[in-house]
Amino acid sequence: MSVGAMRTGEKGHAVSPADFRAACGLFPSGVTVVTRRSPDGGAYGMTVSSFTSVSLHPPLILVCIDKRAGLVLQLGHPEYFAVNILSEEQQDLAVRFSAFPEKKRFDGLRWSEGWRGVPLIDGVVASLACSKEEAIEAGDHYVLVGRVKEIRQHPGRALVWCESRYHCLPTPPDSTRD
Ligand SMILES: Cc1cc2nc3c(=O)[nH]c(=O)nc-3n(C[C@H](O)[C@H](O)[C@H](O)COP(=O)(O)O)c2cc1C
């Protein structure tokens, strides 16, 4: 479809998955790795860009998780999980946690335990350890709402995902210079 063209689909309301994906992909987001412990005590993680804050009082966030993802399908809905916001130096981790076999994703990676043992990845700009507040079924995904129990923040800038590519934010002008 050419830029500027409008496509509404048959009878003005059917939308093709390709058009839907392309339009939503224009909206920039950060990149996170959502982590949890598996029932055998191991660490699990997957790359997730569908993260947003929901409420301040109480502090709630959400992520949208494909129903086929190991996070929910193989392991069952997590009671506790963490959202690790990747830094612009961690593009390799976005690839690792979306493309590597599940059991190899933590190989050689530095991480520590947060609230209730959730895996917090070193070098991220922020980690939010959460308890599951709600898991809402929405089409082929679950909207997983988490109540934030612990926050760790580190210096650095977030990696950006837009139009199916990773980006780094431009360096802001130095406000201390005249
Ligand atoms: C940049 C990026 C963002 C992604 N965002 C999401 C997302 O928000 N929700 C989701 O379910 N999968 C998302 N994925 C896909 C999952 O990371 C991928 O399917 C992963 O393999 C799922 O884990 P599993 O193999 O353990 O099932 C994203 C992948 C990439 C590369």
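Q: How many helices and strands make up the secondary structure of the protein?
A: In this predicted model, the secondary structure comes to two helices and 12 strands. From the N terminus on, the elements follow the order α-β-β-β-β-β-β-α-β-β-β-β-β-β. The C-alpha trace spans about 55 × 50 × 35 Å along its principal axes.

Q: How do strands of a sheet pair, in parallel or antiparallel fashion?
A: In general, the strands of a sheet are paired through backbone hydrogen bonds, and the pairing may be either parallel or antiparallel. Here, an open sheet is formed by three strands in the order β1-β11-β12, and their pairing is antiparallel. The edge strands of this sheet are β1 (29–30) and β12 (165–167), each of which pairs on one side only.

Q: Over how many bridges do β11 and β12 pair, and which residue is the bridge partner of C162?
A: Strand β11, residues 160–162, pairs with β12 in the antiparallel sense over three bridges. The bridge partner of C162 is R165, in β12.

Q: Which strands does a hairpin join, and through how many residues?
A: A hairpin leads from β4 to β5 through four residues. These two strands pair in the antiparallel sense over four bridges. S55 has L60, in β5, as its bridge partner.

Q: What should one look for in the backbone angles of the loops?
A: Most residues other than glycine have a negative phi, and most peptide bonds are trans. Two places in this model deserve attention in that light. The peptide bond that joins H57 and P58 is cis, with an omega of about 5°. P58 is found in the loop between β4 (51–55) and β5. The second place is E163, a residue other than glycine whose phi is positive, near 50°. E163 lies in the loop between β11 and β12.

Q: Where does the ligand sit?
A: The ligand sits in the largest pocket. There are 16 residues around the ligand, and those that come nearest are Y44, T47, S50, D66 and G70.

Q: Which strands supply at least two residues each of the shell around the ligand?
A: Those strands are β3 (43–48) and β5 (60–66). The largest share of the shell is the four residues that come from β3.

Q: What classes of residue does the shell around the ligand have?
A: The shell can be read by sorting its residues into classes. It has eight nonpolar residues, six polar residues and two charged residues.

Q: Which atoms of Y44, S49 and S98 lie at short range from the ligand, by the numbers?
A: A polar contact is a pair of N or O atoms within 3.5 Å. With Y44, an N or O atom of the side chain is 2.7 Å from an oxygen atom of the ligand. With S49, a backbone N or O atom lies 3.0 Å from a nitrogen atom of the ligand. With S98, a backbone N or O atom lies 3.0 Å from an oxygen atom of the ligand.

Q: How much of the ligand does the protein bury?
A: One begins with the area that the ligand exposes when taken alone, which is 630 Å². The protein buries 75% of that area.

Note on methods: Residues are numbered from 1 along each chain as its sequence is written. This is a predicted model: local features need pLDDT of at least 70, side-chain atom pairs count only at pLDDT 80 or more; totals for chains, interfaces and linings use all residues. Side-chain values use heavy atoms; hydrogens and water are left out. A residue is near a molecule or strand if one of its heavy atoms lies within 4 Å of it. A polar contact is a pair of N or O atoms within 3.5 Å; within protein, one must be able to donate a hydrogen and the other to accept it, and residues adjacent in sequence count only if both atoms are side-chain atoms. Accessible areas come from the Shrake-Rupley method with a 1.4 Å probe; for residues, only the protein chains shown count as cover. On a 1 Å grid over the protein atoms alone, a cavity is a set of points where a 1.4 Å probe fits but cannot get out, and a pocket is an open set with protein on both sides within 12 Å along at least five of seven lines; lining residues have an atom within 4 Å of a point. A molecule sits in a cavity or pocket if more than half of its atoms lie within 2 Å of its grid points. Ala, Val, Leu, Ile, Met, Phe, Trp, Tyr, Cys and Pro count as nonpolar, Asp, Glu, Lys and Arg as charged, and the others, Gly among them, as polar. Two strands pair if DSSP finds at least two bridges between them.
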